[in-house]
Amino acid sequence: MEFKFSDADAKEGILVYGETSEKQIFKVYVVGMKGKVMLDEENIMEFELRTDDSLFHNIIVRFSPGTFNLYVDKVVQRRHFNESLSFTTVQFGAPIPTDVSEVGVTACVKNIYVDHHDIIDLMMFNNDSRVLATKVRPCIDEDLSDISGIKLFSADPLVVLTSEPEIATASEDDSASILAANLFPSPANKKKQHSMAPTSCEKPNAYKCQNGAGCKKDSDTEFTCFCRDGYIGKFCQFTTLPRSCSEAKDFLKLPNGPTWVDVDGNQKLDPSVAACVDGVTHIPHNMAQSTVVRDAGFQNHSLFVLSYRDFNTWQLAKYMKNSQTCSQTVNYRCNKAPLRFKEGRTWFKSVTNSTKKIRQMGKLDNSCVCMDTGCQSGAKCNCDSRSITEDLGELVGENAGISEVVTLYDEADVHAAMSISELKCSGYQNENPIRFTGRTELQ
């Protein structure tokens, strides 16, 4: 989650408060610029916020097997943590009412995710029965109904949490679904982490058990591999995860939502999480919309590096190769700041080819889509006319999956901003794919 204090004189309170299936209380709270993470009476970790309070603070809590990870304002801390926690209730900005007197934080918040689910989106746009909201209002003056985008990983509108939430009441029928269930389930095909049997094999046999499997020695010549969820086979060498959202929909009939995918099947790349919507993969990146890429105040060339959520470069390149089509839209709004693709003043690079300079916003090299109907002043892009205008184009295939944007400095440039859409991929590399989802004999 990201948050910014609403009151400079009230920088304290509960940020995250959760109850586990074992009735343990987990909480993250701050007092001034310092904070703590607690599980019942145990102090799991302490942290400090950056001193610059004008920007949003960022907190990520991640439990992995045997490790607790905390990311606060670009500082990462880790410690051994052997407990496995399953939450029945998670609350943001306020404690769950108990006999102990505690206050919630008064803050502007955005980008709240639990197991890849966008909580603000579920609350404000989907009316999801798993989410109960009180004392929440927009932080800024905007019509929230106009905010559009994919519902799983898009940037959230800003909302404010007050320090005095109303006590929400639910009917007897509703209370079970809201409080007793796992409030925010993870991806539909979540890879559950369960304990592996202790490794008791000789090393040569232990190495035969793949993908993090446990190994148990049965005799001098026999052993058994204990597979993690998502893998099968004598040596746990086969994955059961889909390679793409298209596979998840067509073969496994998984619902829309965050979905585990293994882009290279049984090979070395780790699984990742994709946002699947009707078989189409939506992969957002971290370059903000309307990023200023040219300005009269700039004194040097500019390089913008994009990274994609839950995919590293190799995973994304493989995912694109597995797909029939991938596309990305680029919008360049300019004030006397031309693109000048042909002269090499602007170019992109893609994750599929880090050496190729992509100098186009459309199908033709060194040009924009407006070439189809006629660009302003007879140029190859509207912005090359040195007027106040824009160019909008789509990059497809290997040109999509933008990893870098380079704009070279020119003292005559006034201003230009660029927006790059999320990457969308669909279909299969081969026209008629075959997937075995169970034991099958070929006759």
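Which residue in S5 is the bridge partner of Leu-39? Glu-42 is that partner. The notes below start from this pair. Keep in mind throughout that the model is predicted.

1. **The strands around Leu-39.** Strand S4 covers residues 34-39. S4 pairs with S5 in the antiparallel sense. The pairing runs over 6 bridges. The bridge between Leu-39 and Glu-42 is a good place to start tracing.

2. **The five-stranded sheet.** S4 and S5 belong to an open sheet of 5 strands. Read across, the order is S5-S4-S3-S2-S9. The pairing is antiparallel. Strand S5 (42-48) and strand S9 (87-92) are the edge strands, and each pairs on one side only. Neighbouring strands in this sheet are turned by 15 degrees against each other on average, direction ignored. A general point helps when viewing any sheet. In a regular strand the side chains alternate between the two faces of the sheet.

3. **The four-stranded sheet.** Another open sheet has 4 strands, in the order S23-S28-S25-S26. Its pairing is antiparallel. Strand S23 (302-305) and strand S26 (353-358) stand at the edges. Each has a single partner strand, so one side of each is left without a neighbour in the sheet. Here the average turn between neighbouring strands is 20 degrees, direction ignored.

4. **Inside that sheet.** Strand S25 spans residues 346-350. S25 and S26 run antiparallel and are joined by 2 bridges. To find the match, look at Phe-348, which stands opposite Ile-358 in S26.

5. **A covered strand.** How many of the residues of S19 are buried? The count is 5 of 5, so the strand is mostly covered. S19 is joined to strand S20 (residues 272-277) by 5 bridges, and the two run antiparallel. Gly-257 has Cys-276 in S20 as its bridge partner.

6. **An aromatic pair.** The structure holds 11 aromatic pairs. One of them joins Phe-251 and Tyr-428. Their ring centres are 6.2 Å apart and their planes stand at 75 degrees, so the pair is edge-to-face. The cut-off for that label is over 60 degrees. Phe-251 sits in the loop between helix H4 (245-250) and strand S19 (257-261). Tyr-428 sits in the segment after strand S30 (423-426). The pair therefore ties together parts that are 177 residues apart in sequence.

7. **Buried or partly exposed?** The two partners can be judged by relative accessible area. Phe-251 has 27% and is partly exposed. Tyr-428 has 16% and is buried. Buried means under 20%.

8. **An aromatic cluster.** Which residues do ring pairs link into a cluster? They are Phe-26, Phe-63, Phe-68, Phe-81 and Phe-87.

9. **Empty space.** Rolling a probe the size of a water molecule over the atoms shows where empty space is left. A search of the whole structure finds 4 cavities of 30 Å³ or more. The second largest cavity holds about 50 Å³ of space.

10. **Its walls.** The lining of the second largest cavity includes Val-293, Arg-294, Asp-295, Phe-298 and His-301. Thr-407, Leu-408, Tyr-409 and Asp-410 are also among the lining residues. By kind, the lining of this cavity divides into 4 nonpolar, 4 polar and 4 charged residues. Which strand gives the largest share of the lining? Strand S22 (residues 291-295) does, with 3 residues.

Note on methods. Residues numbered from 1 in each chain as written. Predicted model: local features only at pLDDT ≥ 70, side-chain atom pairs only at ≥ 80, totals over all residues. Heavy atoms only, no water. Pairing = 2+ DSSP bridges. Axes fitted to C-alpha atoms, helices over the stretch in contact; angles between N-to-C directions. 1 Å grid on protein atoms, 1.4 Å probe; cavity = no way out; pocket = protein on both sides within 12 Å on 5 of 7 lines; lining within 4 Å. Points joined across faces, edges and corners; volume = space filled by probe spheres on them. Nonpolar A, V, L, I, M, F, W, Y, C, P; charged D, E, K, R; others polar. Phe/Tyr/Trp six-rings, centres within 6.5 Å; stacked < 30°, edge-to-face > 60°. Buried < 20%, exposed > 50% of the residue type's maximum accessible area, 1.4 Å probe, protein only.
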